[in-house]
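Dear colleague,

I am passing on the structure we spoke about, and below it you will find some notes on its charged side chains. Please read them with the structure open beside you.

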Amino acid sequence: MPKKTIKILGAGLSGLTAGINLAKAGYTVEIYEKRADSGARFHGDLQGLENWSEKVDVLDDLRTMNIDVSFDYTPFSEFFGIDGGKTRPFKFYEAIFYVVKRGSMEGSIDQSLKNQTLKLGVKIKYNQTVSPTDVDIVATGPITKAVVGAAKGIVFETTHLDIAIGIADTSVANGGYAYLLITKGYGCLFSAVCGDLSNINDCFDETKKIITKTLSLDIKNPRNVGGVACFATHNKYREGEKLFVGEAAGLQDLLFGFGMRHAIKSGYIAAQSIIKNQNYEKNIEKYFFKKRRAGIVNRYLWEKTLNSRTYFFLFHNLLSKKFLFSFYNFNLIQRMLYPLALKYVKNTHSLQDLQLKNS
Ligand SMILES: Cc1cc2nc3c(=O)[nH]c(=O)nc-3n(C[C@H](O)[C@H](O)[C@H](O)COP(=O)(O)OP(=O)(O)OC[C@H]3O[C@@H](n4cnc5c(N)ncnc54)[C@H](O)[C@@H]3O)c2cc1C
């Protein structure tokens, strides 16, 4: 019997991953994308593909999800943290994240996934949308009604060597953090704010001041970039037969907004659940149960109990991928703090059940 045609809304990381896996399993797949190209939500931003929430290296993890690592990436096993005027190096024994490019340009992770999807015969209908009620998988990215974070920044050319810097200080990002990433003569400077978004411009100006005071950085041809994040304490994975993946399902690290690995993994799990005729909600919750809860406690600790300096101390002294893994996988301390953290995060960020937000 011919397999059903699967319709996907959104040709971003989660939708394309689902498309690749379904096409490989013999399904006819159609993807509708409201923008002119995959990655067009971004403009050449550099982002970190985190390599700590699983024991397996993230690039190997992608390969097991049928994704060719045919995009440009730079591994970082060292980054610098700036806190209260002090700069400290953080060194790991292996890559702790891989910097990738986001956007519609050659070499970006978005274009790589798009090309892999097209090669499998999937039809991607750009500049077209349909009602979410007419699709099998919703992969539309951030739920704008649930935005709690925003980022403002620039991308630029530079002669500076590769470097990664994080800044934790309320003056550069209330509730969030600021960062500088440079790879192969291309840089990205961002302030990512969480909660009160009104002073984002001041935060970014302060970020620039701190960075230019800390290192001698030439910035050529800067372009403004930015975006939003929506964090959810209660995720929506299904509505009738329709499956939600990536940020559309509220899947994003609640502490720092890392969402690429979540998006790809959820697209893969959705495809496998369809292929194997399994319960998607059960499969996705099994994978994300601990990570989502750990994220809620981490955000609570970040904002309430610990401050950035304590985090710096912890990271500096217990620094290993093993420590970070436990920190992202609901360890014993996080389990004890969870009820308190959930209450706090819900109240502070007015995060509600996405079922309500979407209805
Ligand atoms: C400034 C910024 C920095 C970030 N930094 C990092 C980082 O360093 N590391 C990390 O892991 N994550 C980071 N993230 C988060 C990460 O980019 C996202 O979590 C990830 O891209 C989500 O993938 P997705 O498939 O859910 O959505 P997307 O990749 O956004 O794809 C959704 C697609 O759906 C399309 N779409 C939306 N609505 C419709 C519609 N109605 N019809 C048709 N198409 C539609 C969109 O145009 C888009 O192409 C960052 C996000 C921002 C904004």
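A search of the whole structure, which is a predicted model, finds 17 salt bridges. Three of these pairs, together with one network, are described here with regard to how far the residues are covered.

Asp-110 forms a salt bridge with Arg-102, with the closest N and O atoms 2.8 Å apart, and both Asp-110 and Arg-102 are buried. In the salt bridge between Asp-218 and Lys-220, the closest N and O atoms lie 3.7 Å apart. Asp-218 has a relative accessible area of 25% and is therefore partly exposed, and Lys-220, at 39% relative accessibility, likewise counts as partly exposed. Arg-292 is paired with Glu-285 in a salt bridge whose closest N and O atoms are 3.0 Å apart; Arg-292 counts as buried because its relative accessible area is 14%, which falls under the 20% cut-off for that class. Salt bridges that share partners also join Glu-50, Asp-61, Arg-261 and Lys-265 into one network.

Turning to the surface, which residues form a positive patch? The patch is formed by Lys-55, Lys-290, Lys-322 and Arg-335. One of these residues, Lys-290, is placed in helix α6, which covers residues 280-305. With a relative accessible area of 41%, Lys-290 is partly exposed, and it can therefore belong to a patch, since patches are made of residues with over 30% relative accessible area and no salt bridge.

With best wishes

How values were computed
Residues numbered from 1 in each chain as written. Predicted model: local features only at pLDDT ≥ 70, side-chain atom pairs only at ≥ 80, totals over all residues. Heavy atoms only, no water. Patch = residues over 30% accessible without salt bridge, like charges linked within 9 Å, V, L, I, M, F, W, Y side chains within 5 Å. Areas by Shrake-Rupley, 256 points an atom, 1.4 Å probe, with all protein chains shown as cover. Salt bridge = Lys/Arg side-chain N within 4 Å of Asp/Glu carboxyl O. Lys, Arg positive; Asp, Glu negative; His and termini not counted. Charge placed at Lys NZ, Arg CZ, Asp CG, Glu CD. Helix = DSSP H or I, 4+ residues; strand = E, 2+ residues; numbered from the N terminus. Buried < 20%, exposed > 50% of the residue type's maximum accessible area, 1.4 Å probe, protein only.
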